[in-house]
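Visitor: Hi, I'm new to this one. Could you walk me through it?
Guide: Sure, let's pull it up and go topic by topic.

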Amino acid sequence: MVQSSSHCGLYDVPPMVSLEDSQDNVNMTTTLTNTTTDRMLFLFLFFVLCICSTSSHVVSAFSSSRSSITAHNHHRFETSSLSYAIVYPDEETSEPIDPVALDLAEDANREVTKMMIWAEQNGVLRGEGVTLSPESNDNNKDVYVVAKQDLPNGSPVIYVPEDLILSSNKAMVEFRYSDNMVEEFLLAENMKMAEDMIRGMGAESEIRHFYLMLKILKEVEKGRDSSWFHWLDSLPRFYSNAAGMSPFCLLCLPPLMKKLAEEERANVNCLISSIKMVPFLNDIIKDHPRDICRWAYQVVYTRSIETEDGDLRIIPAADFLNHGSEYTEIDYSFDEEGNYYSYTSYDVPAGSPLRISYADPKNPSFLLTRYGFLDKTCPASFCKIMPENVNEDMVELGYSYDRMLFYSTGEVAEEVWDVILYSNLGLMGDVEDQRALMYAHRQGDSETKNMLHERHYEATSSTLLQHIDMFIEELDKLIEKANTVGRERTYVRNEHPRLPLIIEHNNFVKQTFLNVRNRYSADSGSNWIEASRVTVMECNDDECAQAECLQDIDGNWQCEGGLGLNEDGSDRASSKEVIAKY
């Protein structure tokens with residue numbers, strides 16, 4: 001609504017007498033007393049001063065807030081008329097808009113193409129034949145680096161200059177120190193309070209993640225003025241990891257994964273609570289309904305890599321390299337100046353994804369909990385044997401999540417057999433054989449250990465099968481619980497979109513357990529306790545492939561994967577190299 005300029009802002013003054021009216025009423029004017037003339041002169045001067053003052057304030061306010069004015073109202077400031085710049089109480093206002101420039105809705109499109117242009121403009125180099133694929137699928141939810149042509153061993157893949165890399169070390173300097181002594185003192189005090197909260201929650205090892213989260217949030221706060229805006233706009237919004245799961249999803253997880261998920265969520269709450277203590281971060285960012293702090297946590301924990309000196313770094317463009325299992329296509333390094341280089345680690349055929357290892361490939365539950373994906377190429381998973389009390393002897397025998405393994409081939413790791421035998425001997429009160437087992441283990445006496453295993457094989461194999469049956473029964477109940485909701489597909493999509501992946505994970509683990517059961521059941525006819533397992537790299541002149549091979553006690557080999565056979569039944573591999581033994 002346009003108001004008359006006779007209203008000087010909020011001040012109400014008498015209307016000025018026009019020149020035409022004064023000419024029509026000359027007689028009236030001549031009869032005015034000197035006092036009346038002085039009063040009119042005073043009001044005229046007051047009116048001029050009012051306009052000048054109001055103009056000054058409006059111009060100043062417009063200059064400081066022009067960048068935040070909505071497009072809907074911007075046309076009102078295109079004219080120099082003062083009346084257009086004044087907002088009156090009865091004027092209709094537009095709907096409030098989200099002040100955060102990034103669209104962080106879970107279904108938002110990832111602007112990957114713009115990121116690639118931005119990266120090249122900022123010095124990122126891609127090797128010939130390296131691209132991102134697919135460039136469009138369901139709002140670019142899954143984008144990764146791929147070879148679009150054959151890449152020989154040692155081919156350059158991605159180069160990223162140091163100044164484009166986000167680093168926890170650099171973030172610590174940025175948020176702890178300042179050229180101004182007073183400002184630096186305040187920064188140090190604020191950061192100390194946040195760090196003390198993290199330490200108080202027993203999460204001191206996460207402080208570097210905290211600083212990298214803070215860096216991400218400050219760049220989000222800058223909006224399009226951030227040097228990393230286009231990279232931020234290319235990142236995933238939807239995550240299927242523990243930090244993004246609903247409470248019902250947690251109820252559908254098997255014990256170990258539920259434990260990992262609860263620990264992950266506790267860590268999320270710890271770091272977000274500390275972030276909210278930082279006074280120089282805008283409250284809009286801290287309390288945004290999209291939960292930007294949780295999103296920043298997911299970005300940091302899924303896209304950062306740790307260097308040898310303990311620094312956490314996110315490498316824009318290179319953070320699109322997917323996870324691979326034991327044998328990955330990419331090696332990477334940093335030069336003395338901190339620039340990032342990556343190269344192929346072997347001859348990579350066209351169409352292959354280019355991958356690095358995020359974490360232990362033998363722990364699919366952790367990969368899902370932390371990164372939000374199920375790696376079906378995992379060669380093994382934790383056996384899920386979780387005693388109430390784990391003593392030092394059991395740890396010495398190998399009790400840990402990354403050693404107590406069931407393999408997809410159905411084999412059981414030696415550590416599982418040792419721990420089950422040790423536990424059974426303790427329950428039976430057979431202290432003599434329990435001590436003999438530990439002594440043989442410490443001395444590396446495999447002959448004595450095998451003799452003890454043979455002596456107690458019936459009991460240990462029975463314990464193993466009972467555990468497998470009980471865990472499969474538990475998985476079936478969890479899958480059934482999830483499917484009671486899963487039948488309502490619309491509800492799942494809206495309320496529990498991560499549930500289908502959890503069901504897939506549970507079925508994947510169940511299949512591994514079934515493979516073990518089939519191998520060690522009473523009617524299998526084999527004693528596989530002493531089986532040996534190797535990973536073999538099979539190659540010919542054109543390509544290489546990895547095979548998992550198992551040898552039973554009778555010397556018979558069973559292999560999965562590799563290059564396979566030719567049509568005539570001959571072996572396609574011209575060379576075979578053992579790259580790992582178990």
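Visitor: Let's start with Ala-317: is it buried or exposed?
Guide: Ala-317 counts as buried, with a relative accessibility of 11%. Keep in mind that this is a predicted model.

Visitor: Where does Ala-317 lie?
Guide: Ala-317 is in the loop that runs between strand 7 (312-314) and strand 8 (322-323). Its phi is near 80 degrees, which is a positive value in a residue other than glycine.

Visitor: And what about the phi of Asp-291?
Guide: Asp-291 isn't a glycine either, and its phi is positive, near 60 degrees. You'll find Asp-291 in the loop between helix 12 (283-286) and helix 13 (292-303).

Visitor: How accessible is Asp-291?
Guide: Asp-291 counts as partly exposed, because its relative accessibility is 27% and buried would need under 20%.

Visitor: Okay, new topic. How many disulfides are there?
Guide: A search of the whole structure turns up 0 disulfides.

Visitor: Why is there no bond for Cys-249?
Guide: The closest cysteine sulfur to that of Cys-249 belongs to Cys-252, and at 6.6 Å it is too far for a bond. A disulfide here would need the sulfur atoms within 2.5 Å.

Visitor: Are those cysteines buried or exposed, say Cys-249 and Cys-270?
Guide: Cys-249 is buried, at 1% relative accessibility. Cys-270 is buried as well, with a relative accessible area of 4%.

Visitor: What about pockets? What volume does the largest pocket have?
Guide: The largest pocket has a volume of about 850 Å³.

Visitor: Which residues lie nearest its centre?
Guide: Those are Lys-141, Asp-142, Asn-322, Gly-372 and Phe-373, out of 31 residues that line the largest pocket. Helix 13 and strand 8 each supply at least two residues of that lining.

Visitor: How does the lining of the largest pocket split by class?
Guide: The lining has 12 nonpolar, 10 charged and 9 polar residues.

Visitor: Last thing: what is the mean pLDDT of the protein?
Guide: The mean pLDDT is 80, and 76% of the residues reach 70 or more. Among the elements, strand 5 (residues 166-167) has the highest mean, 98, and helix 4 (residues 71-74) the lowest, 36.

Visitor: Where is the pLDDT below 50?
Guide: One such stretch is residues 1-37, which has 26 contacts in the model beyond near neighbours in sequence. Another is residues 39-96, with 42 contacts of that kind. Where pLDDT is low, the predicted coordinates should not be read in detail.

Notes. Residues numbered from 1 in each chain as written. Predicted model: local features only at pLDDT ≥ 70, side-chain atom pairs only at ≥ 80, totals over all residues. Heavy atoms only, no water. Buried < 20%, exposed > 50% of the residue type's maximum accessible area, 1.4 Å probe, protein only. Helix = DSSP H or I, 4+ residues; strand = E, 2+ residues; numbered from the N terminus. pLDDT = per-residue confidence, 0-100. Contact = heavy atoms within 4.5 Å. 1 Å grid on protein atoms, 1.4 Å probe; cavity = no way out; pocket = protein on both sides within 12 Å on 5 of 7 lines; lining within 4 Å. Points joined across faces, edges and corners; volume = space filled by probe spheres on them. Nonpolar A, V, L, I, M, F, W, Y, C, P; charged D, E, K, R; others polar.
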